[in-house]
Amino acid sequence: YKNDTNVTLNALLDTGNNLKEPITKKPVIIAEFVAIKPILPEKLKVIFYEKQEDNLNKLLELGYTTDIRLIPFKSVGKENGLLIGTKIDKLEIHIENKIVLKDVIVAISNFNLSNDNFYNALLNPELINCFN
């Protein structure tokens with residue numbers, strides 16, 4: 001949920017996702033742009049429509065605001081990457097019981113996260129570990 005708008009995602013619990021937002025140290029979810037674009041600010045949508053999310057100058061123009069975050073990451077083949085993220089108001093995770101989290105950071109991917117489109121988000125396990 002963000003600004004009274006919600007989206008529904010199918011998430012994979014990804015034990016390899018240990019991303020944290022660098023300032024707040026909150027765990028980060030990764031979601032596909034096409035799945036979450038209804039809740040994104042317009043200036044973020046433009047960057048993803050233009051496929052400029054790897055353009056460092058464009059990222060610096062966004063700056064660090066309460067809505068937009070720059071999240072460093074490392075992965076196979078990419079030693080020093082940056083993901084653009086946004087803070088969402090509320091996240092509900094439905095597993096056995098409903099877990100409700102507030103002020104969650106979502107990093108945005110302009111690529112499919114699943115080859116078979118079975119999921120469109122990667123859930124950081126720290127988000128649910130605190131409830132076990």
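Q: What pattern does the protein chain follow when read along the sequence?
A: Helices (H or I, at least four residues) and strands (E, at least two) are DSSP runs, numbered from the N terminus. The protein chain has four helices and six strands. Along the sequence, the pattern is β-β-α-α-α-β-β-β-β-α.

Q: What kind of model is this, and how are residues numbered?
A: This is a predicted model, where local features need pLDDT of at least 70, side-chain atom pairs count only at pLDDT 80 or more, and totals for chains, interfaces and linings use all residues. Side-chain values use heavy atoms, leaving out hydrogens and water, and residues are numbered along each chain as its sequence is written, from 1.

Q: Which side chain of opposite charge is nearest to glutamate 32?
A: Let's start with its place: glutamate 32 sits in strand β2 (residues 28-32). Glutamate 32 is buried (under 20% relative accessible area, 1.4 Å probe, protein chains only). Glutamate 32 has no salt bridge (a side-chain nitrogen of Lys or Arg within 4 Å of a carboxyl oxygen of Asp or Glu). At 11 Å away, the nearest side chain of opposite charge (Lys and Arg positive, Asp and Glu negative; His and the chain ends not counted) is lysine 37.

Q: Which backbone nitrogen does the side chain of glutamate 32 reach?
A: The distance is 2.7 Å. The residue in question also appears among the contacts of glutamate 32 (heavy atoms within 4.5 Å), and that residue is leucine 113.

Q: Why does valine 100 count as partly exposed?
A: Valine 100 lies in strand β5 (residues 98-109). Partly exposed means between the 20% and 50% limits, so valine 100 qualifies because its relative accessibility is 37%.

How values were computed
Polar contact = N/O pair within 3.5 Å; in protein donor to acceptor, adjacent residues only side chain to side chain. Lists of a residue's contacts leave out its neighbours within four places in sequence.
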